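Me: I am new to this structure and should be grateful for a close look at one single part of it. Please choose a strand, set it within the whole, and explain each term as it arises.

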Amino acid sequence: MARRAETSVLHAGNSLTYLVEQLGEPSFVKPVHNSRIPLTQHLFERRDHLVMAVTNSVGEVVLLSVLSCSPDFTPTFTS
C-alpha cells in the first residue's frame, strides 16, 4: 500500500514519476482522445479521495484534480 501523500505537495508541473513516488502506481491509465497533443490520464484511487492527473508526452503533469470521497477528507491547496 502506498503511503498517504500530502495533497499540498501535488500540483501541475510535477513529473508523473513524482506522483507515483507519492501515491503509488495509478489504478487506471488511458490516452486522452481528441487532443491536439498526446496526453494521458492517470487515476490514483484512495479510500477517501481520488487524484486524477493528465500528463504530456514527456511525463509532466499538465492538469491535476483531487476529488474528496469522504467528509473527513478535507485537503488544503495553495497556489
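Reply: What follows begins with the chain as a whole and then turns to one strand and its surroundings.

This is a predicted model, in which local features need pLDDT of at least 70 and side-chain atom pairs count only at pLDDT 80 or more, while totals for chains, interfaces and linings use all residues. Residues are numbered from 1 along each chain as its sequence is written, and side-chain values use heavy atoms, with hydrogens and water left out.

The chain has one helix and four strands; helices (H or I, at least four residues) and strands (E, at least two) are DSSP runs, numbered from the N terminus. Read from the N terminus, their order is α-β-β-β-β. Of the 79 residues in the chain, 32% are buried; buried means under 20% relative accessible area, exposed over 50%, and partly exposed in between, with a 1.4 Å probe and protein chains only. The accessible surface of the chain is about 5,400 Å², and carbon and sulfur atoms account for 53% of this surface. Such areas come from the Shrake-Rupley method with a 1.4 Å probe, and for residues only the protein chains shown count as cover.

The part chosen is strand 3, which spans residues 49–55. Six of its seven residues are buried, and the strand is thus described as mostly covered.

Strand 3 has a partner on either side in sequence. Strand 2 (40–45) runs antiparallel to strand 3, and six bridges join the two; two strands pair if DSSP finds at least two bridges between them. Three residues form the hairpin connection from strand 2 to strand 3. Within this pairing, Phe44 has Val51 as its bridge partner. Asp48 belongs to the loop between strand 2 and strand 3, and its relative accessibility of 12% is why Asp48 counts as buried. The side chain of Asp48 also makes a polar contact with the side chain of His49, at 2.7 Å. A polar contact is a pair of N or O atoms within 3.5 Å; within protein, one must be able to donate a hydrogen and the other to accept it, and residues adjacent in sequence count only if both atoms are side-chain atoms.

Strand 4 (61–68) is likewise antiparallel to strand 3, with seven bridges between them. Here Ala53 is placed opposite Leu64 of strand 4. Five residues lie between the strands in this hairpin, and among them Gly59 has a positive phi near 85°.

Two residues of strand 3 show how it meets its surroundings. Met52 is located in strand 3. Leaving out residues up to four places away in sequence, Met52 touches Gln41, His42, Leu43, Leu63, Leu64 and Ser65, where contact means heavy atoms within 4.5 Å. Between Met52 and Leu67 there are 8.2 Å from C-alpha to C-alpha, although they are 15 residues apart in sequence.

Thr55 is also part of strand 3. Because its relative accessibility is 3%, Thr55 counts as buried. Its side chain makes a polar contact of 2.9 Å with the side chain of His42. With residues up to four places away in sequence again set aside, the residues touched by Thr55 include Leu16, Pro38, Thr40, Glu60 and Val62.

Strand 3 also takes part in covering the helix. In helix 1 (residues 16–23), the buried residues are Leu19, Gln22 and Leu23. They cover an arc of only 80° around the axis, and therefore lie on the same side of helix 1; the arc is that of the directions from the helix axis to the C-beta atoms. The cover over these buried residues includes strand 2, strand 3 and strand 4.

The largest nonpolar core draws on these elements: its seven residues are Leu10, Leu19, Leu23, Phe44, Val51, Ala53 and Val61. A nonpolar core is a set of buried Ala, Val, Leu, Ile, Met, Phe, Trp, Tyr and Cys residues joined through side-chain atoms within 4.5 Å. Helix 1 and strand 3 each contribute at least two residues to this core. Phe44, one of the seven, is in contact with residues including Leu16, Leu19, Val20, Leu23, His49, Leu50 and Val51, its neighbours within four places in sequence being left aside.
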